[in-house]
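The exercises below ask the reader to work from a set of coordinates towards a description of a fold. Each one gives a task and then a solution in steps.

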Amino acid sequence: MSCGRRIAPRRRWKRQWSEVRYCSRACGKRGIRQVDRQLEQTLLDLLESGSRSGSICPREVARVVANGQHFQSLEEYARRAARRLAHRGLVEILQGGRVVEPSDFRGPIRVRLPRR
């Protein structure tokens, strides 16, 4: 799943639910590319190196991957990378200082390593 969102069951998928891998045709066409993997790894590296607040904005990740030039085009892909990592339990997504469900947030977010 390239978008990182939860797949909502649909009636037409009832018989073949075990074969469903993508939430939409667009998600299936896009897939997960090399830049997506790079964004995931950069996000984890930045979090593990430690930021002052303990969390980072996906915009910072996009800026690092794009070397500061035209990083705006990577911002949504960085948010998707955060969603995928959150579904795997590797990070938590924060909005307003509270942990939110990866599929449900809208607006500005921050990402941190899980608190145990």
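The exercises that follow concern a predicted model, and they go from the whole chain to single residues.

**Exercise 1. The chain as a whole**

Determine which secondary-structure elements the chain contains and in what order they come, and then describe its burial, its contacts and its exposed area.

Solution. Begin by listing the elements: the chain has four helices and four strands, and reading along the sequence gives the pattern α-α-β-α-α-β-β-β. Next, turn to burial, where 39% of the 116 residues count as buried, the criterion being a relative accessible area under 20%. For the contacts, take those between residues at least 6 apart in sequence; 48% of these join residues at least 24 apart. Finally, the exposed surface of the chain comes to about 7800 Å², of which carbon and sulfur atoms supply 46%.

**Exercise 2. The sheet**

Establish the order of the strands in the sheet, identify the edge strands, and follow the pairing from strand to strand.

Solution. The four strands make an open sheet in which the order is β1-β4-β2-β3 and the pairing is antiparallel. Its edges are β1 (55-56) and β3 (98-100), each of which pairs on one side only. Starting at the β1 edge, two bridges pair this strand with β4 (residues 110-112) in the antiparallel sense, and here Ile-56 has Val-111 as its bridge partner in β4. The next step leads from β4 to β2, which run antiparallel and are joined by three bridges; in this pair, the bridge partner of Ile-93 is again a residue of β4, namely Val-111. The last step joins β2 to β3, also antiparallel and also through three bridges, with Leu-94 standing opposite Val-99 in β3. The hairpin of β2 and β3 has two residues between the strands, and Gly-96 in this hairpin takes a positive phi near 65°.

**Exercise 3. Two helix packings**

Describe how α3 packs against α2 and against α4, giving for each pair the angle, the axis distance, the handedness and the residues involved.

Solution. As a starting point, two packed helices are described by the angle between their axes and the distance between the axes. Helix α2 (residues 34-49) and helix α3 (residues 58-65) pack at about 115°, with their axes 9 Å apart, and their crossing is right-handed. On the α2 side the contact is made by Val-35, Gln-38, Leu-39, Thr-42, Leu-43 and Leu-46, and on the α3 side by Glu-60, Val-61, Ala-62, Val-64 and Val-65. Sorted by type, the residues of this contact are eight nonpolar, two polar and one charged.

For the second pair, α3 and α4 pack at an angle of about 115°, with their axes 8 Å apart, and this crossing too is right-handed. Here Pro-58, Arg-59, Val-61 and Ala-62 of α3 meet Glu-75, Ala-78 and Arg-79 of α4. This contact divides into four nonpolar, no polar and three charged residues.

**Exercise 4. Three residues and their surroundings**

Decide whether Thr-42, Leu-90 and His-70 are buried, partly exposed or exposed, and place each of them in the fold.

Solution. Thr-42 belongs to helix α2, and it counts as buried because its relative accessibility is 13%, under the 20% cut-off. With neighbours within four places in sequence left aside, Thr-42 is in contact with Val-61, Val-64 and Val-65.

Leu-90 is found in the loop between α4 (75-87) and β2 (92-95). Its relative accessibility is 36%, so Leu-90 counts as partly exposed, a class that lies between the cut-offs of 20% and 50%. Beyond the neighbours within four places in sequence, Leu-90 is in contact with Leu-44, Leu-85, Leu-113 and Pro-114. For one of these partners, Leu-113, which is 23 residues away along the chain, the separation of the C-alpha atoms from that of Leu-90 is 6.7 Å.

His-70 sits in the loop between α3 and α4, and it is exposed because its relative accessible area is 68%, over the 50% cut-off. The backbone of His-70 deserves a last step: most residues other than glycine have a negative phi. Phi of His-70, by contrast, is near 55°, a positive value in a residue other than glycine.

Methods
Residues numbered from 1 in each chain as written. Predicted model: local features only at pLDDT ≥ 70, side-chain atom pairs only at ≥ 80, totals over all residues. Heavy atoms only, no water. Buried < 20%, exposed > 50% of the residue type's maximum accessible area, 1.4 Å probe, protein only. Contact = heavy atoms within 4.5 Å. Areas by Shrake-Rupley, 256 points an atom, 1.4 Å probe, with all protein chains shown as cover. Pairing = 2+ DSSP bridges. Axes fitted to C-alpha atoms, helices over the stretch in contact; angles between N-to-C directions. Left-handed = near helix turned anticlockwise from the far one by under 90°. Nonpolar A, V, L, I, M, F, W, Y, C, P; charged D, E, K, R; others polar.
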